[in-house]
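Me: I've got this model open and I'd like to go through how its features earn their labels. Can you take my questions one by one?

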Amino acid sequence: DLYRRLGASHRRRDEAAQLSARAIQERDDARQLTCRRRWPTIVDAMRTLVNCYNEGTGGETLIIVEGPTGQDEEPMVTVTARGGRALVVAVDGADLVVRASEDENGGMQGEQWIGLDRTDEATASYVLQNWLAQLDA
């Protein structure tokens, strides 16, 4: 009887662990799906902000190009300034990864991961604002 109870206890523990792992995976899958669904709207918001910036400078100071996708087939967009500095934003699972070039030679700074806890427009603004402020610095 002791061994039966011990075996049943271990089975319940293992089943609970499997349920927990499945719930975590389903949550991650849902977050990734949400990110991919939101991506086109975020890119549209970035285009709008880039157009506003270009209107403010009186020329085509920034160019935004979507794709191609990276090696992992994750969607990405590149914003390039007239001087050659670039900002690359890509979907990375359920988040966005942002890489900015340090200089005109294309040397990249570190990566920054952005969660999608903001609206699409606020996310686009957050991604672009600091980089744009540093362009003339």
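Me: What makes α2 stand out in the lining of the largest pocket?
Reply: Its share: in this predicted model, α2 gives 6 residues to that lining, the largest share. The whole lining has 17 residues, with Val98, Gln112, Val127, Asn130 and Trp131 nearest the pocket's centre. Elements giving two or more residues are β4 (95-101), β5 (108-114) and α2 (120-134). The space inside comes to about 240 Å³.

Me: And what is that lining like by class?
Reply: A mix: 7 nonpolar, 7 polar and 3 charged residues.

Me: Why are α1 and α2 called oblique to each other?
Reply: Helix α1 (residues 2-57) packs against α2 at about 45 degrees, with the axes 8 Å apart. Roughly parallel needs an angle under 35 degrees, and roughly perpendicular runs from 65 to 115. The angle of about 45 degrees fits neither range, so the pair counts as oblique. As for handedness, α1 passes α2 in a right-handed crossing.

Me: Which residues make that contact?
Reply: From α1 you have Arg38, Thr41, Ile42, Ala45, Met46, Leu49, Val50 and Tyr53. From α2 come Asp120, Glu121, Thr123, Ala124, Ser125, Val127, Leu128 and Leu132.

Me: How do those contact residues divide by class?
Reply: Into 10 nonpolar, 3 polar and 3 charged.

Key:
Residues numbered from 1 in each chain as written. Predicted model: local features only at pLDDT ≥ 70, side-chain atom pairs only at ≥ 80, totals over all residues. Heavy atoms only, no water. 1 Å grid on protein atoms, 1.4 Å probe; cavity = no way out; pocket = protein on both sides within 12 Å on 5 of 7 lines; lining within 4 Å. Points joined across faces, edges and corners; volume = space filled by probe spheres on them. Helix = DSSP H or I, 4+ residues; strand = E, 2+ residues; numbered from the N terminus. Nonpolar A, V, L, I, M, F, W, Y, C, P; charged D, E, K, R; others polar. Axes fitted to C-alpha atoms, helices over the stretch in contact; angles between N-to-C directions. Parallel < 35°, antiparallel > 145°, perpendicular 65-115°, else oblique. Left-handed = near helix turned anticlockwise from the far one by under 90°. Contact = heavy atoms within 4.5 Å.
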